[in-house]
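Thanks for making the time this morning. I would like to walk through one model with you, moving from single residues to strands and then to the aromatic rings.

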Amino acid sequence: MDNEYVLTKDWPGEQERLGLLEAMVDGLSTDAIRAAGVQPGARCLDVGAGSGSIARWLARQVGDPALVVATDVDARLLAPLDAEGVEVLVHDVVVDDFPPQSFDVIHCRSVLEHLVARDEIVGRMLEWLAPDGALVLVDCASFPVASSPDAVYRDAMQAWVDVLALTGTDYDWSRTFPTPLVRHDCRDVGLMLSAPVLRGGSPAARFWSLTLETLRARIVAAELSTDPALDAAQRLLEDPDFWDLAPAFSAAWGRPPR
């Protein structure tokens with residue numbers, strides 16, 4: 001089951017879910033990329049580009065969309081980028097490679113958390129960078145959920161963590177940032193964190209509602225929760241009187257070792 005990616009684009013709500021993720025986390029990604037350094041003319045790679053929002057942003061920053069490569073194992077939602085001049089590749093970061101020093105900036109979001117070989121992949125991506133290039137990692141960190149005072153919300157979100165753990169996902173990994181980059185002797189390392197406020201009925205709540213729904217059958221089959229319990233959580237996520245913290249996102253960046 002390791003590395004079985006279950007949040008696939010085959011699910012009818014996945015495009016909406018990814019758009020909500022972009023709205024929730026793009027600000028963290030762009031702040032981290034700016035902190036790491038992105039200049040006009042920089043060659044950029046967006047790994048696991050989803051539906052392309054960061055690739056588009058990078059194209060504007062560097063001044064030429066042809067300098068940006070957007071990859072995903074399933075690139076169907078990236079097709080519009082072709083017409084915009086961004087290079088789109090079907091690329092599996094676990095097994096596919098790029099020549100050394102191909103890029104000046106690499107952004108990788110919500111990818112490595114799902115991959116058992118994440119530490120090895122960090123090392124390979126650093127090899128794809130120019131000597132003064134920057135690697136920016138952004139992943140989900142579930143830690144605010146465990147302290148939620150609401151058992152219905154807390155238990156449903158723990159079921160999300162536990163069911164994806166069965167496929168190799170580790171939502172504790174990004175809680176260790178920036179250690180994965182320090183371990184690879186990266187220079188100029190930095191760290192940012194976003195812990196979105198979640199209010200029932202908000203876009204953030206809708207994102208987590210869709211995430212639970214796409215995983216519902218697996219959660220119930222694994223006996224991690226029940227349909228009635230998940231229904232109760234969905235009602236909370238629709239209730240504007242419900243307030244809590246959503247899972248955090250952590251961003252770390254660094255430059256290759258000398």
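**A walk through the predicted model**

Let me begin with a side-chain pair: Thr 169 makes a polar contact with His 114, side chain to side chain, at 2.7 Å. Please keep in mind throughout that this is a predicted model. Thr 169 sits in the loop that runs between helix H6 (151–165) and helix H7 (179–183), and with a relative accessible area of 7% it is buried, since the cut-off for that word is under 20%. If we set aside its neighbours within four places in sequence, Thr 169 is in contact with Glu 113, His 114, Arg 118 and Leu 164.

A second loop residue is Ser 148, which is found between helix H5 (143–146) and H6. Ser 148 counts as buried, at 3% relative accessibility, and a polar atom of its side chain lies 3.2 Å from the backbone nitrogen of Asp 150. Not counting residues up to four places away in sequence, Ser 148 touches Tyr 153, Arg 154 and Asp 244.

Turning to helices, Ala 233 belongs to helix H9, residues 227–238, and is buried, with a relative accessible area of 3%. Leaving out residues up to four places away in sequence, Ala 233 touches Val 152 and Ala 156, while its C-alpha lies 11 Å from that of Ala 159, a residue 74 places away in sequence. Pro 80, in helix H3 (residues 79–83), is partly exposed, with a relative accessible area of 42%; its C-alpha is separated by 8.6 Å from that of Gly 52, and the two residues are 28 apart along the chain.

Now to the strands, where I would start with S4, residues 103–109. Why can we call S4 largely enclosed by the rest of the structure? Because six of its seven residues are buried. S4 pairs with strand S1 (residues 44–47) in the parallel sense, over four bridges, and within that pairing Cys 44 has Val 105 in S4 as its bridge partner. S4 is also joined by six bridges to strand S5, residues 129–141, with the two running parallel, and here Cys 108 has Leu 137 in S5 as its bridge partner. Between S4 and S5 the chain passes through helix H4 (residues 118–127), and this β-α-β crossover is right-handed. As background when you look at the side chains, those of a regular strand alternate between the two faces of the sheet.

Finally, the aromatic rings. How many aromatic pairs does a search of the whole structure find? The search finds seven. In one of them, the ring centres of Trp 160 and Trp 208 are 4.7 Å apart and the ring planes stand at 65°, so this pair is edge-to-face. Because Trp 160 lies in helix H6 and Trp 208 in helix H8 (residues 203–221), the pair ties together parts that are 48 residues apart in sequence. Trp 160 and Trp 208 are both buried, and ring pairs link these two with Tyr 171 and Phe 207 into a cluster. One further ring deserves a look: Arg 175 lies over the face of Phe 143, at 4.9 Å from the ring centre.

That is where I will stop, and I am happy to go back to any of these places on the screen.

Terms used
Residues numbered from 1 in each chain as written. Predicted model: local features only at pLDDT ≥ 70, side-chain atom pairs only at ≥ 80, totals over all residues. Heavy atoms only, no water. Buried < 20%, exposed > 50% of the residue type's maximum accessible area, 1.4 Å probe, protein only. Polar contact = N/O pair within 3.5 Å; in protein donor to acceptor, adjacent residues only side chain to side chain. Contact = heavy atoms within 4.5 Å. Pairing = 2+ DSSP bridges. Right-handed = clockwise from strand over helix to strand, strands pointing away. Phe/Tyr/Trp six-rings, centres within 6.5 Å; stacked < 30°, edge-to-face > 60°. Lys NZ or Arg CZ within 6 Å of the ring centre and 35° of its normal.
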